[in-house]
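Work through the exercises below with the structure open. Try each task before reading its solution.

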Amino acid sequence: MASLRELQSAFAAALRDPSAPCPVRPAGNLAIYRNNSTHSFRAALESSFPVVRKRVGDDYFRQLCMRYRERYPSRSGDLHWTGRDFPAFLLEHLHGTEYAWLGDLARLEWLHELASITRIESALTAEVLANFGPAQLEHLVFTLQPSMSLLASDFPVFTVWQANQTDNAPPVEQSLPGEYGMVRARIDGPEVRQLVPGLFSYLSALRAGAPLGEAISSAGLDQEGVVSALGFVFTDGLVCALRDGRSEKRES
Amino acid sequence: MPRLETRGVREPIPARAGIGLRAVHHDALVAERPPVGWIEAHTENYFHEGGVAVRALERARSNYPLSLHGVGLGLGSVDGVDREHLSRVKRAIARFEPALVSEHACWGHAGGEFFNDLLPLPHTDEAAVLLARQVAEAQDYLGMQLLIENVSAYVTFGHSRLHEWEFLAAVAATSGCGLLLDVNNIYVSSRNLGIDAHSFINGIPIGSVGEIHLAGHARNGNVLIDDHGSQVCAEVWQLYRQAVDRFGALPTLVEWDTNIPALATLVAESRRADLILGEARGLAA
């Protein structure tokens with residue numbers, strides 16, 4: 001008699017390949033499990049990447065799901081993570097084609113997915129700056145909302161994403177310039193927002209742990225831009241903590 | 001790990017009808033507070049630290065006793081139990097403090113691939129021993145008893161030597177788990193595989209069942225599909241009466257996961273179970 005390991009191995013092989021020997025009867029009913037498994041996998045991707053699906057159509061999205069699954073089968077009992085490698089798969093699968101932009105669109109949608117499940121930390125207001133002297137300001141290091149992600153693309157993916165939040169959106173001309181933006185959690189769901197390059201560079205530097213002065217320099221902000229950028233992170237509730245980076249270095 | 005500001009309803013799950021918590025009902029459940037005895041949520045939907053769904057469960061949790069029902073552990077997998085998944089279940093238990101936690105008598109992964117379905121086990125001594133061992137290990141790790149549910153089946157293994165009810169009874173006796181008796185699954189399996197549903201219910205030991213599930217199913221040719229997408233059928237209500245006669249009034253969940261109706265329709269379906277439970281309590285009084 002076959003061992004349980006042999007039975008589960010044979011069952012799994014028959015799920016993957018309908019022509020493989022079937023360890024159960026009626027053999028035709030194994031297709032119900034195969035269909036359930038395929039459907040669950042595809043439904044998870046449809047849920048995470050609705051705009052990619054909308055742009056490529058159901059038939060091609062189905063083909064992409066099948067090829068993605070061959071390359072990246074589910075590695076978790078929690079379907080939520082099914083799409084984790086889908087952006088990388090699309091970037092590789094569509095590299096050099098006119099659809100290469102779909103990889104970046106998928107990156108944006110995956111960031112949206114992650115923001116939908118990330119906790120929102122309580123945010124500081126700009127009044128906290130009064131705790132620091134003028135000489136300290138350029139050395140301040142910010143801890144930003146953990147849900148905030150930044151994305152730079154060679155394609156107009158933020159415009160595509162925004163346009164496809166309604167039904168029957170027309171295609172977006174892919175020859176438009178690349179775009180920068182952010183995704184973060186809000187109380188009623190994730191927010192996707194396009195950013196101007198200077199603000200993107202500034203936020204990227206802050207996210208990487210650079211002190212405020214360095215972030216401002218790297219973004220090439222003028223005086224007006226500095227006030228605006230500093231106001232942005234506080235009014236948008238992005239600052240969870242801040243500290244004088246120098247004192248940390250001294251302590252260490 | 002953030003804790004609930006309000007601990008919520010901490011009483012045990014009452015011997016009344018409850019409903020499955022679905023995203024489309026989140027707002028209505030809080031706004032209308034329908035008179036259901038308790039709610040059940042799919043554990044994996046609430047693994048995360050934040051998000052709309054987690055906050056919705058926290059709100060609902062403050063009004064109703066909670067049961068967490070997992071679908072992803074695959075406790076009968078010979079490759080073992082995914083420790084990361086199990087740790088997430090533990091964190092969800094710590095966060096939401098459910099009165100009941102349940103999973104399925106199934107397997108779900110092999111060779112590193114997860115099939116994300118409730119796959120059937122052969123009813124053999126080897127499978128019963130493995131499932132019981134992994135259920136016991138999960139219970140030790142989680143620090144609480146699990147209820148293990150019988151799954152709908154569309155196939156049989158020629159290797160099975162036990163009736164399904166004997167298999168479940170052995171797992172419960174060995175591991176110390178309770179059983180979650182899904183009456184619709186019994187009906188679906190009985191019609192698909194020629195099993196006697198009445199013998200199934202009569203073969204489950206009295207005292208081993210902690211919860212009952214009811215749901216609708218679909219028909220595809222000669223095969224019944226457990227899709228949780230319609231009302232409970234008359235035959236399943238009859239089997240439910242038999243189960244309540246045998247096991248007494250128990251927490252009973254009406255599941256409706258596809259073609260999800262308005263909350264009022266789901267609540268009305270749960271009222272039918274409550275009437276049968278009320279009759280059982282009346283007889284017992």
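**Exercise 1. Find how strand 10 (residues 209-215) of chain B is covered, and which strands it pairs with.**

Step 1. Seven of the seven residues of strand 10 of chain B are buried, so to speak of this strand as mostly covered is fair. A residue is buried if 20 or more other C-beta atoms lie within 10 Å of its own, exposed if 12 or fewer, and partly exposed in between; C-beta atoms are placed from the backbone. The model is a predicted one: local features need pLDDT of at least 70, side-chain atom pairs count only at pLDDT 80 or more, and totals for chains, interfaces and linings use all residues. Residues are numbered from 1 along each chain as its sequence is written, and chains are lettered from A and ligands numbered from 1 in the order in which they are written.

Step 2. Take strand 9 (residues 178-182) of chain B. It runs parallel to strand 10 of chain B and is joined to it by four bridges. Two strands pair if DSSP finds at least two bridges between them. B:Leu180 stands opposite B:Glu211.

Step 3. Take strand 13 (residues 252-255) of chain B. Four bridges again join it to strand 10 of chain B, in parallel. Here B:Ala215 stands opposite B:Glu255.

Helices (H or I, at least four residues) and strands (E, at least two) are DSSP runs, numbered from the N terminus.

**Exercise 2. Place these strands in their sheet.**

Step 1. Eight strands of chain B form a closed barrel in the order 1-2-3-4-7-9-10-13, with parallel pairing.

Step 2. Neighbouring strands are turned by 30 degrees against each other on average, direction ignored.

Step 3. Check one more pair. Strand 2 (residues 39-42) and strand 3 (residues 66-69) of chain B run parallel and share four bridges. B:Glu40 has B:Ser67 as its bridge partner.

**Exercise 3. Describe the surroundings of helix 6 (residues 183-193) of chain B.**

Step 1. Nine of the 11 residues of helix 6 of chain B are buried, so the helix is largely enclosed by the rest of the structure. Among them are B:Val183, B:Ile186, B:Tyr187 and B:Asn192.

Step 2. The buried residues pack against strand 9, helix 7 (197-203), strand 10, strand 12 and helix 8 of chain B. Helix 6 of chain B lies across strand 9 and strand 10, at about 65 degrees to strand 10 of chain B. Axes are lines fitted to C-alpha atoms, for helices over the stretch in contact, and angles run from 0 to 180 degrees between N-to-C directions.

Step 3. Now pair it with helix 8 (residues 234-247) of chain B. The angle is about 120 degrees and the axes are 9 Å apart. The two helices are therefore oblique to each other. Angles under 35 degrees count as roughly parallel, over 145 as roughly antiparallel, 65 to 115 as roughly perpendicular and the rest as oblique.

Step 4. List the contact. Helix 6 of chain B gives B:Val183, B:Asn184, B:Ile186 and B:Tyr187; helix 8 of chain B gives B:Glu235, B:Val236, B:Leu239, B:Tyr240 and B:Ala243. Residues are in contact if their C-beta atoms, placed from the backbone, lie within 7 Å. By class there are seven nonpolar, one polar and one charged. Ala, Val, Leu, Ile, Met, Phe, Trp, Tyr, Cys and Pro count as nonpolar, Asp, Glu, Lys and Arg as charged, and the others, Gly among them, as polar.

Step 5. Look past the helix end. B:Gly194 follows, with a positive phi near 75 degrees.

**Exercise 4. Analyse the open sheet of chain A.**

Step 1. Three strands lie in the order 3-4-5, with antiparallel pairing. Strand 3 (149-153) and strand 5 (189-195) of chain A are at the edges, each with a single partner strand, so one side of each has no neighbour in the sheet.

Step 2. Strand 3 and strand 4 (residues 179-186) of chain A pair over five bridges. A:Leu151 is partnered by A:Gly181.

**Exercise 5. Characterise the interface of the two chains.**

Step 1. 39 residues of chain B are in contact with 37 residues of chain A. Strand 6 (113-119) of chain B gives the most to its side, six residues.

Step 2. The side of chain B divides into 18 nonpolar, 15 polar and six charged residues.

Step 3. Strand 1 (residues 24-25) of chain A pairs antiparallel with strand 8 of chain B over two bridges. A:Arg25 stands opposite B:Thr156.
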